[in-house]
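Work through the exercises below with the model open. Try each task before reading its solution.

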Amino acid sequence: MKPHLYLIWLCTVLCISCGNQQRNNSAQEERELGFEQRQIADSLKHIWAHVPVDLTGDGIGDLVYIYENASGGYLAYRAGMKEPGQWKEVIIAQAPPGHGMFASGDMECGDMDGDGDMDVIAVRHPGEWVDAGAEADLFWYENPSWMPHFIGTVPDAVKDVSVSDFNGDRMTDLAVMTFETSTLSIFEQQDPDSFRRVQYWENFMNLHEGMGLGDVNGDGWNDIVAGGIVFTNPAGEADDWTVENLDPKWNTQTGDWSRNATKAFLRDLDGDRYMEVFISHSERAGYPVSYYKKVNGVWEEHVVCDSLAACHTLQVFDFDLDGDFDVLAGSNKGRAVNLGKESYEIMLFLATDDDTHWIPLKLGDEGIYNGQVMDYDGDGDMDIFRYPEHEAEKLFLLENKLIH
């Protein structure tokens, strides 16, 4: 496949699709923003759980994933390189300790032992399409020996995993969400081989998927947003988390498995130390891409895009290096087809000075699933990892070619 170069001129762009977004861009510095797409992996299968991170310490991002999340598979990464061509697959583990296979809806890495390199979180499970209700065991794999360490067990298929130091002891903890029984667990690390579950919400508020971390109340502690619900960290006290519904429309849906499925991302848009919450619907049509800001104790919704079907990608970064956070949002092609859609937009919404108006730029119309963002080559701008749909066999890198 030949590379594609998407050139976007910010001062002459025409507004498209999502309505209400034609804006005056005269105050924005003229610069050229472009993405060059190239294929970096093929022969993939259901790599729903994937995340870019520099595992090898060479300054280039690698892509960590579980192969075959639908019915269980192995744990691996593709070694990143700046040159064109396929990234080499490196197996971390063919199977978890003792028995079973790996499967998860999300992937995460973190420095679990404080030695300065990134370790890999993995989940033992038979696969969501095989037995979603089966128990799941969590492990972390120590870089570079890839020795497994047991973390804990959750009651069914894992949809989201996030890592943070939730209690201020300088050790990395985990938040884990499952779908079948709508659970959220917080595991605090005691030492690299011992974790204690200190919070557990079960059959709670129709939790499905979509977790983000950030400081929503400006107290310096990371809070959790899951399924449109805000779980506020009580300054490191394990058992006093408070719960608040961001907006019931994200967690009171009924119907089939696609209900209450979201993506979430937190950013401080205006520098006031209080993070805004971005959210989209990852499985259904007719929902906006929005962010919420708390004003006088009330969460106010601000719409970025009126509607984007099966918006299974939601990332918020400064793509054009103008000092403001932009929004990457896109449709999972496979799911959008099932919803009767014929175009599967990959959209970049560029922020303007007031953080309420967005310039929509279409990067493509062939879909993106669980898209991830990283400055993979260390050149100072943010690049995009594109997996077109949940059953795709190929993966692409959209390398940011910003001239600055």
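**Exercise 1. A pair in detail**

With which residue does D256 form a salt bridge, and how far apart are the closest N and O atoms?

Solution. This is a predicted model: local features need pLDDT of at least 70, side-chain atom pairs count only at pLDDT 80 or more, and totals for chains, interfaces and linings use all residues. Residues are numbered from 1 along each chain as its sequence is written, and side-chain values use heavy atoms, with hydrogens and water left out.

Step 1. Apply the criterion: a salt bridge is a side-chain nitrogen of Lys or Arg within 4 Å of a carboxyl oxygen of Asp or Glu.

Step 2. The partner of D256 is R284, with the closest N and O atoms 3.6 Å apart.

Step 3. Place both ends. D256 sits in the loop between β18 and β19, and R284 in the loop between β20 (276–281) and β21 (289–295). They are 28 residues apart, so the pair links distant parts of the chain. Strands here are DSSP runs of E, at least two residues long, and helices are runs of H or I, at least four residues long; both are numbered from the N terminus.

Step 4. Check the accessibility. Buried means under 20% relative accessible area, exposed over 50%, and partly exposed in between (1.4 Å probe, protein chains only). D256 is partly exposed because its relative accessibility is 40%. R284, at 18%, counts as buried.

**Exercise 2. More charged pairs**

How many salt bridges does a search of the whole structure find?

Solution. Step 1. The search finds 15.

Step 2. Take K45 and E68. Their closest N and O atoms are 3.4 Å apart. K45 is in the loop between β2 (32–41) and β3, while E68 is in the loop between β4 (62–66) and β5 (75–79), 23 residues apart. K45 is partly exposed at 40%; E68 is buried at 7%.

Step 3. Take E301 and K249, which meet at 2.9 Å, N to O. E301 lies in β22 (298–305) and K249 in the loop between β18 (242–245) and β19, so the salt bridge ties together parts 52 residues apart in sequence. E301 has a relative accessible area of 30%, so it is partly exposed. K249 is partly exposed too, at 28%.

Step 4. Look for a network. Salt bridges link D270, D272, E276 and K293.

**Exercise 3. An open sheet**

In which order do the four strands of the open sheet lie?

Solution. Step 1. Two strands pair if DSSP finds at least two bridges between them.

Step 2. The order is β7-β8-β9-β10, with antiparallel pairing.

Step 3. Find the edges. They are β7 (108–110) and β10 (147–154), each pairing on one side only. Neighbouring strands are turned by 30° against each other on average, direction ignored. The axes behind this angle are lines fitted to C-alpha atoms, and angles run from 0 to 180 degrees between N-to-C directions.

Step 4. Inspect one pairing. β7 and β8 (119–124) are joined by three bridges. Opposite C109 stands V120 in β8.

**Exercise 4. An enclosed strand**

How many of the six residues of β25 are buried?

Solution. Step 1. Six of the six residues of β25 (346–351) are buried, so the strand is largely enclosed by the rest of the structure.

Step 2. Sort the side chains. I346, L348 and L350 point one way; M347, F349 and A351 point the other way.

Step 3. Trace the partners. β24 (326–331) pairs with β25 in the antiparallel sense over four bridges, with V327 matched to F349. β26 (358–364) also runs antiparallel to β25, over six bridges. There, M347 has K362 as its bridge partner.

**Exercise 5. Two pockets**

What is the volume of the largest pocket, and which residues are closest to its centre?

Solution. Step 1. Fix the term. On a 1 Å grid over the protein atoms alone, a pocket is an open set of points where a 1.4 Å probe fits, with protein on both sides within 12 Å along at least five of seven lines; lining residues have an atom within 4 Å of a point. A volume is the space filled by probe spheres set on the points.

Step 2. The volume is about 780 Å³. Of the 34 lining residues, the closest to the centre are E108, M211, F265, Q315 and Q372.

Step 3. Compare the second largest pocket, at about 310 Å³. Its 16 lining residues include E128, W129, K159, W257 and E283, the closest to its centre. α1 (128–131) and α2 (333–338) each give two or more residues to this lining.
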